[in-house]
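Student: Got a minute to walk me through this one? I'd like to start with the backbone and then look at how the chains meet.

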Amino acid sequence: MKTPTNLIQFLALILLLAGTPELQAQNIAIYGDTVHTMAKTAEGQWQDPIENGVVLIIDGKISAVGPASAVEVPEGTPEKRCKVVTPGLIDARSVVGLAGWLNIDHDSDHIERSSPMQPELAALDAYNPREPLIDWVRSFGVTTLHTGHAPGQLISGQTFIVKTRGNSVDDAVVQRQSMVAATLGSDALRSGKESPGTRAKQMSMLRQKFIEAKAYQEKVAKAAADEEKDAPARDLRKEAMGQILDGKMPLMINAHSSVDIQNVLRLQKEWQIPVILQGGAECYDFIEPLKAQGIPVILHPTMMRSSGAGKNASMETAAKLIAAGVPVAMGSGYESYVPKTRVVLWEAAIACAYGCEFRDALGLITHSAAALLGIGDRVGSLEVGKDGDVALFDGDPFEYTSHCLGTVIEGEVVSDIAR
Amino acid sequence: MSLHFRVQNRIFLQCFLLMLCLLISASTSAADVQAFVGARIVPVSSEVIEEGTLLVRDGKIEQVGPVKDVIIPDGAVRIDVTGKTIIPGLICTHSHIGWGGGGDSSEPIQPECHTLDSVDVRSASFMRARAGGLTLVNQMPGSGHLISGRTTYLKLRDGGTVEDLLVHDASGWPMGGLKMANGTNSQRSAPFPGTRAKSASLVRQAYVKAQEYQAKIARAEGDPEKMPERDLRMEALVEALEGKRIVHHHTHRHDDILTVLRLKKEFGFEVVLHHVSDAWKVAREIAAADAACSLIVVDSPGGKLEARDIKLENGAVLEEEGVNVAFHTDDWITDSRLFLRSAALGVRAGMSREGALRALTLSGAEMLGLADRTGSLAVGKDADFAVLSGDPFSVYTQILQTWVEGKQVFDRTNPEHLLFAIGGRGAGDDTAYNCCGGEDH
């Protein structure tokens, strides 16, 4: 009686394994009339695009990139052809997978309101890999998301990095913990007697949390050095703040207004922690201090609405930051209503129309985004040894009337809808 | 002495005024004829002219044709637009610029309220709309009511009061439609409806009452003794029943769309369906009911349950079925400065270029009952147009100038105007508009 059950279980396991895409060899040759490698030369300039080029992906990794005439493609390799090839796109600040498309309690896990500061919340625990918006952005070439807890609380939780595929979060994950998401300014103020109710309170609460984390770290260190001393009870919240103090996780601060951006600069100076400015509607007035303090910017989507905290946003800010040499990437940000997510391809397109050179604009969602997120060794450009993540287009990727024809992640075609 | 002085003074004053009049008339006669020469002109109502002249007199289009065929009168102001593209001014059939609201939270049916009384035409959002090439908007109250109020058609003239921007009908009344909504936005706690059937029945009851009011007026045959007491709410609904006020109906889900069509059939009002997320599912029914559609284009589906199935293909599907299609910004939902993009994404999803441009211009004018005055570059119509740097559907194209009735309201070379085109300090609005009037979207 036992054997058939075991056999069924065994067969089921075989089927399951066979169905797992990771186990299949992922080879593909992608030909493009123009291939934008988005790699940089030794001098830090954008590499020229390759005309009549090919990207050869073997076992999920890029094994060759070059003119089709110069690359030997093994016989039998599946192939795709299109006009324009780019690296898979990276959304440098998304909430997709946590903030669902239906915008109801059932699919909204991007913000937890029980306390204004909860840096211990892991994005990994809240990510839904079957969220339809993942398919949506993937159909526009997006292969990597830096996603997680949304702006809207002083510290809302952590972010992480995924590829836009997989049946489980473990299939999708690239980096389990990336940043701690904070918000300064009107978007994270609480009403009535709840704190923080003012900007000054926001700053003092953050300072207090860092002081407590530092004291906790010192106690832990003392206990480690002295057997007589007991270690303090483990505190996940303090440990997460400690990771920021240790430089292991940057504090990504959403701030738009001039006052709030100045507070970001001050906080970074006080604590000498890695800080990333996210949003930054008025950051055009603080380009020099941002540069001097080494604070990169994950800019608001170019089409962000001109109201509320971001009322003074300019569509030329990306161009200004790039010209000044501030590291900058673009994120779709957070939307509370419709559209539930923006598409970074379209946001970079508008940046391109408003002052960015083509490859600088494409860089915002490829190479520069990967570098800013610290995953430049894996994604962001079409170079030998990197992940085989590719987007295929039937024309200028930024043109309104062009289409994304397909998306490839580590050699696997994950989308082939022309959209 | 004093009398002598006064007389002398009066003569001097009269001479001065006469001189001034002559000066003004001389300058206006020249300034009142403008020739825009050398552009690619896309009139929408007729064939594209590759190198054309648009002749404008007293704010109206006097002539449009190839450069070689249009004779420019002496004294006309000549504006060289060689290499540029001229299209009709964009018409947004559904806008919330200036944040004009309608009814309050007291009850679900308030057609007596009028956005004319609440819109702020000095809001930065009006300048941003001009920077987007818009020349006419339907300023709408929100969708948090079954009937949230009367809408206002506003020409984006360079004015500081709402009166400066109004559009009047032949009898001198300010023109506008009636905003209605169904689906979840207008469902709230009592006295608002809690279900779709209740929503429809409340609307039905209101129109039945209006029909009775209308009948009483008819029976009175002008006799003041027999006339019913004036009722602003009933008057607005009667205007809708008589086709004097077009119903602009917010609706998303396929069954809600069909409910609107059913009410249209029952009461005979003229209706434009707005947003119409599920249009692709019921395109045939919409075509059969001869209802026009004003579509929103958003960058991803969802955001709320009833917009889950919205498709970029809506424009193409409706065009295929022969439905009159317009686009709208729903500003602040989408940005008036990027209104061309909505239609361009329609083209991306299969709509014809001609249909998409018409959907930004002439179709919108038709849906506001203003196609005899604006919406295309045709002789006799208002000189409402935009001058572009190139293809209307390219992301790289810039809107260079916007003209309303022969007067320039946006000039990209003017730094004060440019600020609104690209954004920056002072180009935005302090508060975001709450589209739905309630807590729930």
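Tutor: Sure. One definition to begin with: helices (H or I, at least four residues) and strands (E, at least two) are DSSP runs, numbered from the N terminus. Also keep in mind that this is a predicted model.

Student: OK. Where does Asp58(B) sit?

Tutor: Asp58(B) is in the loop of chain B between β2 (49-57) and β3 (60-66). Its phi is positive, about 50°, although Asp58(B) is not a glycine.

Student: Which sign of phi do most residues other than glycine have?

Tutor: Negative, for most of them.

Student: And is Asp58(B) buried or exposed?

Tutor: Exposed, because Asp58(B) has 12 C-beta neighbours inside 10 Å and the cut-off for exposed is 12 or fewer.

Student: What about Asp290(B), what's its phi?

Tutor: Positive, about 55°, and Asp290(B) isn't a glycine either. You'll find Asp290(B) in the loop between α7 (283-288) and β13 (292-296) of chain B. With 13 other C-beta atoms within 10 Å, Asp290(B) counts as partly exposed.

Student: Switching to peptide bonds: which residues does the cis bond in chain A join?

Tutor: Ser195(A) and Pro196(A), with omega about 0°. Pro196(A) lies in the loop between β9 (180-183) and α4 (199-225) of chain A.

Student: And what is omega for the bond from Ala190(B) to Pro191(B)?

Tutor: Near 10°, so that bond is cis. Pro191(B) is in the loop between β10 (178-181) and α4 (196-220) of chain B.

Student: Now the sheet in chain B. What's the strand order?

Tutor: The order is β8-β10-β11-β12-β13-β14, six strands in an open sheet with mixed pairing. β8 (147-150) and β14 (325-328) of chain B are the edge strands, each pairing on one side only. From one strand to the next, the twist averages 25°.

Student: How many bridges join β12 to β13 in chain B?

Tutor: Four, and the two strands run parallel; β12 of chain B covers residues 271-275. Val272(B) stands opposite Ala292(B) in β13(B).

Student: Last topic, the interface. How many residues of chain A are in contact with chain B?

Tutor: 33 residues of chain A, in contact with 35 of chain B. On the chain A side, the elements giving two or more residues are α2 (132-138) and α9 (344-353). α9(A) has the largest share, three residues.

Student: What's that side made of, by class?

Tutor: The side of chain A that touches chain B has 18 nonpolar, nine polar and six charged residues.

Conventions:
Residues are numbered from 1 along each chain as its sequence is written. Chains are lettered from A and ligands numbered from 1 in the order in which they are written. This is a predicted model: local features need pLDDT of at least 70, side-chain atom pairs count only at pLDDT 80 or more; totals for chains, interfaces and linings use all residues. A residue is buried if 20 or more other C-beta atoms lie within 10 Å of its own, exposed if 12 or fewer, and partly exposed in between; C-beta atoms are placed from the backbone. Two strands pair if DSSP finds at least two bridges between them. Axes are lines fitted to C-alpha atoms, for helices over the stretch in contact, and angles run from 0 to 180 degrees between N-to-C directions. Two residues are in contact if their C-beta atoms, placed from the backbone, lie within 7 Å. Ala, Val, Leu, Ile, Met, Phe, Trp, Tyr, Cys and Pro count as nonpolar, Asp, Glu, Lys and Arg as charged, and the others, Gly among them, as polar.
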